[in-house]
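Me: Please take a close look at the largest pocket in this model. What lines it, and what sits around it?

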Amino acid sequence: MTSEAAFPANFLWGAATSAYQIEGQPLADGAGPSIWHRFAHTPGRVANGDTGDLACDHYRRFEEDVALMADLGLGAYRFSVAWGRVLPEGRGSVNAKGLDFYRRLVDALLERGIAPMITLYHWDLPAALHDRGGWLNPDSPAWFADYAQVLFRALDDRVPLWVTINEPWVVTVPGYLDGELAPGHRDPFEAPRVAHHLLLAHAEAVAAYRSLGGRHRIGLAVNLEPQHPASPTPENQAAARRRDAFINRWFLDPLYLGRYPAELATIFGAAWPEFADADLARIRSTSDSVLGGSLGTGCATDFIGVNYYSRGLVRADPNTQPLGAIRISPENAPRTTMGWEVYPPGLTETLLWIKEHYGNPPTYITENGAAFDDPPPADGLVPDPERVDYLRAHLRAAHAALEQGADLRGYFVWSLFDNFEWAQGYSQRFGLIRVDPPNQARILKASARFYQNVIRANGV
Ligand SMILES: OC[C@H]1NNC[C@@H](O)[C@@H]1O
Ligand SMILES: [Ca+2]
């Protein structure tokens, strides 16, 4: 199959999941509950009362699932560790059985020649730490670094890629500002402090990794979404710039430029605290990470993980505080069942924006995919042409950025399985492989076969 877009020789092809969304049995073998276990079991928080109690039953079925990953020819698999399985109280004594699950998963992957990419934090904070203030507590960066060290010591010789935190913006805004996700707070005074502690947690974990002599790569995964004015009025253009700072630059500017975007102080007003310069210095990733030469004084992040789904079409709206901007959906544009516009050029734009603004750091697309109302299986395969089209278009968009010099090193589909889509429960299907919690059958979709061919051809 001649591919229009041929990727570099060692390009990494993967798929991504997270612990609470697929594992099930969140309290098995001594694990401690997370804020998502609590949140999902709070009536009214999750669609249809869905919870992660069973999910994709991956905690029990992981060998079968790794075999499926090998069938697809994945070069890598991105998954997260449930903090509360390893440290039931979030800190203190290690739960050997919990850690052992992840050892066995890593071994199974390596036996199949699949590189593990581990996300240390994908939103499931141990409830015991939340009861001590969680990410609001100034001790939270130290808690996170101690947890990270347990994993580094146990697994680092076999894990080539580490992600500290998945989407700190989503932990902060739906978690602490609009209250849609766990822990469901709605407080503009809390959100900036949570964000700051997440950045410090990232920096402390990276510093711990270096001090342990970590030889591999460690990065941060951020959700990025280009912001376009709905129409070129000055108000809409200003609103798009505000939303760009609020979503795209909040975490990357401190990490790569050593400062928060100025817009955030304006957006949050009195709720925006004075942050210590020493903190910003600690957070800042010097350009010379381990990959790029000697260690700098900052936290030396090795790569950016980009989670891309769509763009934001922005209209100024004084009634929507604190941003004064709303995201609108274009009438006639194709959209996924999440309501997100299908907009492949936004991926090219995002990758080139990173190159221009942050010195072209090594980058992985750590999530890209789409939710659609898949039809039922026909002859043992789910026909999902919309997802095939989405993936093909976004792979071509990623390739366009590569051709323009972006240092893109890999691509992970979100997601390997249909799984627990947070507040929307199992109503959204993102998988290459269909899973229905009641019967737990794994049924390949056409997009899985499409992706298998992309990997074989190393191109699309
Ligand atoms: O909404 C789709 C995905 N987005 N990024 C984080 C993942 O946990 C979500 O399922
Ligand atoms: Ca391989």
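Reply: What follows covers the largest pocket, then the second one, then the aromatic contacts.

This is a predicted model. Start with size. The largest pocket has a volume of about 1000 Å³. Its lining counts 42 residues. Closest to the centre are Trp-169, Val-170, Pro-174, Glu-180 and Trp-340.

Next, composition. The lining of the largest pocket holds 23 nonpolar residues, alongside 9 polar and 10 charged ones.

Which elements build this wall? Five of them supply at least two lining residues each. Two are helices, H8 (168-176) and H10 (234-249). Three are strands: E5 (217-224), E7 (303-308) and E9 (325-328). H8 provides the largest share, with 4 residues. Trp-169, Val-170 and Pro-174, already named among the residues closest to the centre, fall within the 168-176 span of H8.

Now the second largest pocket. Its volume is about 170 Å³. It is lined by 13 residues, and those closest to its centre are Pro-226, Gln-227, Asp-244, Asn-248 and Glu-349. The lining splits into 5 nonpolar, 4 polar and 4 charged residues. Strand E6 (227-229), H10 and helix H14 (345-358) each give at least two residues. H10 contributes the most here, with 4 residues. H10 therefore serves both pockets, since it also supplies at least two residues to the lining of the largest one.

Trp-169 leads on to the aromatic residues. It belongs to one aromatic cluster with Phe-246, Trp-250, Phe-251, Tyr-260, Phe-268, Trp-272 and Phe-275. So Trp-169 has two roles in this description: it is among the residues closest to the centre of the largest pocket, and it is a member of that cluster. Phe-246, another member of the cluster, lies in the 234-249 span of H10.

The cluster is part of a wider set of ring contacts. Across the whole structure, a search finds 44 aromatic pairs. One of them joins Phe-101 and Tyr-102. Their ring centres are 4.8 Å apart, and the planes meet at 75°. That angle is over 60 degrees, so the pair counts as edge-to-face. Phe-101 and Tyr-102 are both buried.

Rings also carry charges over their faces. Arg-85 lies over the face of Tyr-59, 4.1 Å from the ring centre. Arg-442 does likewise with Phe-417, at 5.2 Å from the ring centre.

Conventions:
Residues are numbered from 1 along each chain as its sequence is written. Chains are lettered from A and ligands numbered from 1 in the order in which they are written. This is a predicted model: local features need pLDDT of at least 70, side-chain atom pairs count only at pLDDT 80 or more; totals for chains, interfaces and linings use all residues. Side-chain values use heavy atoms; hydrogens and water are left out. Rings of Phe, Tyr and Trp (its six-membered ring) pair if their centres lie within 6.5 Å; planes under 30 degrees apart count as stacked, over 60 as edge-to-face and the rest as tilted. Buried means under 20% relative accessible area, exposed over 50%, partly exposed in between (1.4 Å probe, protein chains only). A charge sits over a ring if NZ of Lys or CZ of Arg is within 6 Å of the ring centre and within 35 degrees of the ring normal. On a 1 Å grid over the protein atoms alone, a cavity is a set of points where a 1.4 Å probe fits but cannot get out, and a pocket is an open set with protein on both sides within 12 Å along at least five of seven lines; lining residues have an atom within 4 Å of a point. Grid points are joined across faces, edges and corners, and a volume is the space filled by probe spheres set on the points. Ala, Val, Leu, Ile, Met, Phe, Trp, Tyr, Cys and Pro count as nonpolar, Asp, Glu, Lys and Arg as charged, and the others, Gly among them, as polar.
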